[in-house]
Amino acid sequence: MFTKPVTWADGVRRLLARGLLPTSLGTDDLRALDVGLKRRASFSARIENLQALQKINDVVKELIRGISPEDEALRGKKPLQMSVAEARFQVRKTFKELGVTVTDSGDVGTIKDPQSDQRINLIVSTQEQLAQGYGHFIAGHDPDILDVWPCQELVRVVDAEEPRDWEARWKRVGGQLYAGRMIALKNSDIWDRLGDPAIFKDGLGNPYPPFAFGSGMRVEDVSRDEAEELGVIARGTPAPLARARDVDEDAKVSLEGFDDELKQALLDNPEYVLDGGVLTLR
Amino acid sequence: MGLAIDTATPNLDKLKRKLAQKSTINKLYARAVAILFRKHFRKLSGTNKNRFGVKNSFWDRMRNSVRKESTPTVSAVIMDRAVALRKFGGTVNPTGSKRFLTIPIHRDAYGKKAAEFEDSYVITTKRNKKFIAIDGDDGDPKFLYLMTESTQHKPNSAATPDDEAVKAEAFSELTTYLNK
């Protein structure tokens, strides 16, 4: 264990120096994830300006990538890592320069205003959490990890001013409580339904947190021993099968709440397809 | 005539095979410790408020940043470097050509860069303290940031799980895996 701070350069000599993505992802996978993240940013931010979307993507990548040896070499000359404040500043600056704003002046300063604090915070934090959530999802589906930690629990990490009733949502999607805890196998489709915008309007369409916009709910591994003790799985149950997942699978949203002009603009986009009232990436 | 059935050797062989899988052992060890850190940061998140009494997402972000890394020879947990400042303490200085850090002293400034306030200006007091301010609604300056050449942070060992807890958790999960 480290008993004093280890510089990144030291860490790199001793550890695998990858970003926040699982080390099992190769270069091609990382490139695909980059493209996927841009498309998702486009999708969930509901903004069509490609340059604005590219800025969101670039900023989120900087936020989550960790510190490289090149960063260490420039220690003192520039910040080692992008701060959240800097991320928000860059996104807002780009939106201003590109004229990304509301058409209705009554919406200025509200969540509908792309330049508002609320909106910028939501975009940056949601995209950062989604990227990390995807990485953790993939890491959690390693076969060895699944054998020792086959289940996960839905837990609250950040308090909300107006918390949603997650226990009611859990039961609605078929989840059971074990000693009052919301636990299921990692590969259960309960997790898909929990974030499904066809079921919950604020759903983000992915089987990993955040399941909904502005949600403080996350997941935590539950060990085989604990899962057996609680009765989630029977003793000796084989490890669940790992799920592969392309990040684009999770980009879907209900069109309810979109104005007609935006709906049409999205439907005209050959990258999107409408299926049962839910828009998803083709 | 007696019959001795050797039940130990098959179990020992199984144990030896598992122990030889160093990649797996290190992976599981790292994962167990990563889980412990995430649980610890979740507890801290529940009580975390900034100086303005507003709950913030710092420990959630730190929790999300925790990941494992492992090879056949190394097992590690990596997280955002901001945790290190909390745990070990230290001095923060401005970088590049900047001479000052800007410390938010008003709720409106929290989470924002000073550059976001286009009409801001610097006020220097008689005691030579510098602030960044904007005109308030009442015409008086609204002080947003204190400008300082550096900040000192005290170490806080409670920022991460203690070493004994880490060892106990890791060995517990490894034992489960080896006993299977």
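**Exercise 1. Decide whether B:Phe171 is buried, partly exposed or exposed, then find its aromatic partner.**

Solution. Start with the accessibility: B:Phe171 has a relative accessible area of 49%. Buried means under 20% and exposed means over 50%, so B:Phe171 counts as partly exposed. Keep in mind as you work that this is a predicted model.

Next, look for the partner. B:Phe171 forms an aromatic pair with B:Tyr29. B:Tyr29 is also partly exposed, at 23%.

Now describe the pair. The two ring centres are 6.2 Å apart and the planes meet at 85 degrees. Planes over 60 degrees apart count as edge-to-face, and that is the label for B:Tyr29 and B:Phe171.

Finally, place the two residues. B:Tyr29 belongs to helix 2 (residues 22-47) of chain B, while B:Phe171 belongs to helix 5 (residues 163-179) of chain B, so the pair ties together parts that are 142 residues apart in sequence.

**Exercise 2. Find the ring that the charged end of B:Lys113 sits over, and do likewise for B:Lys87.**

Solution. Take B:Lys113 to begin with: its charged end lies over the ring of A:Phe89, 5.2 Å from the ring centre. Then turn to B:Lys87, whose charged end sits over the ring of B:Phe88 at 5.9 Å from the centre.

**Exercise 3. Work out which helices of chain A build the largest nonpolar core.**

Solution. The core has 16 residues, and those touching the most other members are A:Leu63, A:Ala87, A:Val91, A:Phe95 and A:Val124. At least two core residues come from each of helix 3 (50-64), helix 5 (84-98) and helix 6 (117-140) of chain A. Helix 3 of chain A gives the largest share, with 6 residues.

Zoom in on A:Val91 as a last step. Beyond its neighbours within four places in sequence, A:Val91 is in contact with A:Lys55, A:Val59, A:Ile120 and A:Val124.

**Exercise 4. Identify the strands of chain B that pair with strand 7, and give their direction.**

Solution. Strand 4 (residues 101-104) of chain B runs antiparallel to strand 7 (residues 141-148) of chain B, joined by 4 bridges. Here B:Thr102 faces B:Met147 of strand 7.

Strand 6 (residues 130-135) of chain B is also antiparallel to strand 7, over 6 bridges. On this side, B:Ile132 stands opposite B:Tyr145.

To finish, trace the link between strands 6 and 7 of chain B: they form a hairpin with 5 residues between them. In the turn, B:Gly139 has a positive phi of about 90 degrees.

Methods. Residues are numbered from 1 along each chain as its sequence is written. Chains are lettered from A and ligands numbered from 1 in the order in which they are written. This is a predicted model: local features need pLDDT of at least 70, side-chain atom pairs count only at pLDDT 80 or more; totals for chains, interfaces and linings use all residues. Side-chain values use heavy atoms; hydrogens and water are left out. Rings of Phe, Tyr and Trp (its six-membered ring) pair if their centres lie within 6.5 Å; planes under 30 degrees apart count as stacked, over 60 as edge-to-face and the rest as tilted. Buried means under 20% relative accessible area, exposed over 50%, partly exposed in between (1.4 Å probe, protein chains only). A charge sits over a ring if NZ of Lys or CZ of Arg is within 6 Å of the ring centre and within 35 degrees of the ring normal. A nonpolar core is a set of buried Ala, Val, Leu, Ile, Met, Phe, Trp, Tyr and Cys residues joined through side-chain atoms within 4.5 Å. Contact means heavy atoms within 4.5 Å. Two strands pair if DSSP finds at least two bridges between them.
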